[in-house]
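Colleague: I would like a close look at the empty space in this model. Take me through the pocket and the cavities, then the parts built around them.

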Amino acid sequence: MPGIKDLVRNFLPDWLISFRRHRKRHGAFPNFIRPMTFNEKVLHRILFDRRTVLTQMADKAAVRSYVESRLGPRVLPKLHYFTNQPETIPFDSLPQRFVVKPTHGSGWVEIVSDKSTLDRAALIEKCTSWLNQSFYKITREWAYKNIPPLIIVEEFIDDGSGAAPNDYKLFVFGGIVEFIQVDAGRFTDHRRRLYTPAWEKLDVLFEYNDIYGHVPRPAHLSEMIAAAEVLGKNFDFIRADFYDTPAQLYFGELTTTPEAGLGRFRPIEFDHYLGGRWNIKCGGV
């Protein structure tokens, strides 16, 4: 049962909740009308940009057709199954490793690395919990509001490490990749590092601490950048995520409101720099 605070929060307008969260996270009130920083512009998009394409980008099922139409089917992880009834997941016919996630959220994911040890009932319960939640009500990101809730079972992308692969997130402004965010150890010791498109380390931290040691240049970096710029063409800003394996590049997801505008850059000047790279428009694709 939701608590009193949750019930009250459900009746508060999106702008008020976003305003308070931004103030608490960044230590300053956001400028809604004339946003200057990257995070203020993310917030501006959340509150004012109502293009239906943003919903398609956030929908983990619908985005696949967008990616396929621009990059072809090869970059998409194999889709094993999707349903709104988790109890129908055909576990016996699935491979030993696979990934389960809902269409209507972000960060909700279960990686099954060994099917023989899987607690099927627990996974079904988790999927049911996802389906019964509104990610929009949690984050107030409008793009998630009208996504039909479904469960997707996808191919596990193996980069040879035996663990969840590094996640390469390319920030694309006006069709040009500005920098690449690398996330490592997402389900163990989550760390992050930023690189230029030339694979030069940036002296900037974004929300998480730096990755330990050397991060090799991805084998398909040039292909990754080209793919991100194709997907980001005609968008003022979008983030395109990929996985890289020795054999090929794989698509991860597209994001139009990273961290819901609550991610902190260190130094903070980088937030202002990126804000200058984002020429806001509410038209386009």
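Modeller: First, a term. A cavity here is a set of grid points where a 1.4 Å probe fits but cannot get out. A pocket, by contrast, is an open set. The model is predicted. By that definition, the structure holds four cavities of 30 Å³ or more.

Start with the open space. The largest pocket has a volume of about 1,000 Å³. Its lining takes in 47 residues. Look for Ser 106, Gly 107, Trp 108, Lys 169 and Glu 253, which lie nearest the centre of the pocket. Several elements give two or more residues to this lining. Two of them are helices, α2 (14-26) and α7 (135-139). The strands are β2 (98-102), β4 (151-155), β5 (167-173), β6 (176-184), β9 (237-244) and β10 (249-255). Strand β10 gives the most, with four residues. By class, the pocket lining has 19 nonpolar, ten polar and 18 charged residues.

Now the closed spaces. The largest cavity holds about 80 Å³. Its lining consists of Ser 18, Arg 21, His 22, Asn 39, Leu 43, Ile 46, Thr 139, Ala 260, Gly 261 and Leu 262. Helices α2 and α3 (38-48) each give two or more of these residues. Helix α2 is also among the elements that line the largest pocket. The cavity lining divides into four nonpolar, five polar and one charged.

The second largest cavity has about 50 Å³ of space. Around this cavity stand Lys 60, Val 63, Arg 64, Leu 76, Pro 77, Lys 101, Glu 154, Phe 251, Gly 252 and Glu 253. Glu 253 is thus shared: Glu 253 lines this cavity and is also one of the residues nearest the centre of the largest pocket. The elements giving two or more residues here are α5 (63-71) and β10. Again β10 gives the most, this time with three residues. The classes are four nonpolar, one polar and five charged.

Next, the sheet that holds β10. Five strands make up an open sheet, in the order β7-β6-β5-β9-β10. The pairing is antiparallel. Strands β7 (191-195) and β10 stand at the edges with a single partner strand each, so one side of each has no neighbour in the sheet. From one strand to the next, the twist averages 25 degrees. At the β7 end, β6 and β7 pair over five bridges. There, Asp 183 stands opposite Arg 192 in β7. Helix α9 (residues 269-277) lies across β5, β6 and β7. The angle of α9 to β6 is about 140 degrees.

Last, go back to α5, one of the elements at the second largest cavity. Helix α5 packs with helix α8 (residues 221-231): their axes come within 10 Å and cross at roughly 115 degrees. The crossing is right-handed. On the α5 side, the contact uses Tyr 66, Val 67, Arg 70 and Leu 71. On the α8 side, Ala 227, Val 230 and Leu 231 meet them. By class, this contact has six nonpolar, no polar and one charged residues.

To recap: β10 gives the most to the lining of the largest pocket and also to that of the second largest cavity. In the sheet, β10 is an edge strand.

Notes: Residues are numbered from 1 along each chain as its sequence is written. This is a predicted model: local features need pLDDT of at least 70, side-chain atom pairs count only at pLDDT 80 or more; totals for chains, interfaces and linings use all residues. Side-chain values use heavy atoms; hydrogens and water are left out. On a 1 Å grid over the protein atoms alone, a cavity is a set of points where a 1.4 Å probe fits but cannot get out, and a pocket is an open set with protein on both sides within 12 Å along at least five of seven lines; lining residues have an atom within 4 Å of a point. Grid points are joined across faces, edges and corners, and a volume is the space filled by probe spheres set on the points. Ala, Val, Leu, Ile, Met, Phe, Trp, Tyr, Cys and Pro count as nonpolar, Asp, Glu, Lys and Arg as charged, and the others, Gly among them, as polar. Two strands pair if DSSP finds at least two bridges between them. Axes are lines fitted to C-alpha atoms, for helices over the stretch in contact, and angles run from 0 to 180 degrees between N-to-C directions. Contact means heavy atoms within 4.5 Å. A crossing is left-handed if the near helix is turned anticlockwise from the far one by less than a right angle, and right-handed if clockwise.
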